[in-house]
Amino acid sequence: PIYSGCEYRTQEESEQMLEAILNWVPVFDDYNVDTVFENHVHAFKRTKPLKASRYSPDNGTVYLGDGAWGAPINNCKKDTSEIFEEQESKHHAWIGRVYVCLLYTSPSPRDRQKSRMPSSA
């Protein structure tokens, strides 16, 4: 995940998270994405609204994770960072509704040319 609710990480996981922050967070910020669903840890987490990895109550992205409906729960030590609104080791599922969907096409997140294509989803 981009923002893991677990404090412990391997060196490889830390490097992957940093790479995701550097490559994906600017894209989500540029397009004013409201919500990002991410997974890996199997523990409930919800961040505060974030812009450039900092609290931004008016126009930030909320990161939700990580599905644990049927998977074993990861009882990890909570990350004490102030970016989290809530974290808990519990079974849960997310139910959401998409009202508008635009697909942004690009060879990579680093490509700043913002072409978009309406989706029928």
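Proline 49 touches Arg54, Tyr55, Ser56, Pro57, Gly60, Thr61 and Val62, leaving aside residues up to four places away in sequence; contact here means heavy atoms within 4.5 Å. Proline 49 is placed in the loop between E2 and strand E3 (50-51). Its C-alpha lies 7.8 Å from the C-alpha of tyrosine 63, with the two positions 14 residues apart in sequence terms.

The model is predicted: local features need pLDDT of at least 70, side-chain atom pairs count only at pLDDT 80 or more, and totals for chains, interfaces and linings use all residues. Residues are numbered from 1 along each chain as its sequence is written, and side-chain values use heavy atoms, with hydrogens and water left out.

**Overall architecture**

The chain contains 2 helices and 8 strands, which are DSSP runs numbered from the N terminus (helices: H or I, at least four residues; strands: E, at least two). Read from the N terminus, the order of elements is α-α-β-β-β-β-β-β-β-β. Of the 121 residues in the chain, 30% are buried; buried denotes under 20% relative accessible area, exposed over 50%, and partly exposed the range in between (1.4 Å probe, protein chains only). Among contacts between residues at least 6 apart in sequence, 62% join residues at least 24 apart.

**Aromatic residues**

Rings of Phe, Tyr and Trp (its six-membered ring) pair if their centres lie within 6.5 Å, and planes under 30 degrees apart count as stacked, over 60 as edge-to-face and the rest as tilted. By this rule there are 3 aromatic pairs. In one of them, the ring centres of tryptophan 24 and phenylalanine 28 are 6.0 Å apart and the planes stand at 25 degrees, so this pair is stacked. Tryptophan 24 is partly exposed, at 39% relative accessible area, whereas phenylalanine 28 is buried, at 15%. Tyr3, Trp24, Phe28 and Tyr63 form one aromatic cluster.

Tyrosine 55, one of the residues touched by proline 49, has lysine 48 over its face, at 5.7 Å from the ring centre. For such an arrangement, NZ of Lys or CZ of Arg must be within 6 Å of the ring centre and within 35 degrees of the ring normal.

**Internal cavity**

A search of the whole structure finds 1 cavity of 30 Å³ or more. A cavity is a set of points, on a 1 Å grid over the protein atoms alone, where a 1.4 Å probe fits but cannot get out; lining residues have an atom within 4 Å of a point. The largest cavity has a volume of about 70 Å³, the volume being the space filled by probe spheres set on the points, which are joined across faces, edges and corners. Of its 12 lining residues, Gly5, Ala43, Phe44, Cys76 and Gln87 are the closest to the centre. Strand E2 (44-47) and strand E6 (84-88) each supply at least two residues of this lining.

**Positive phi values**

Most residues other than glycine have a negative phi. Two residues with a positive value are listed below.

| Residue | Phi | Loop | Relative accessibility |
|---|---|---|---|
| Asparagine 32 | near 50 degrees | between helix H2 (25-30) and strand E1 (35-37) | 47%, partly exposed |
| Serine 53 | about 65 degrees | between E3 and strand E4 (54-55) | 28%, partly exposed |

Terms used
On a 1 Å grid over the protein atoms alone, a cavity is a set of points where a 1.4 Å probe fits but cannot get out, and a pocket is an open set with protein on both sides within 12 Å along at least five of seven lines; lining residues have an atom within 4 Å of a point.
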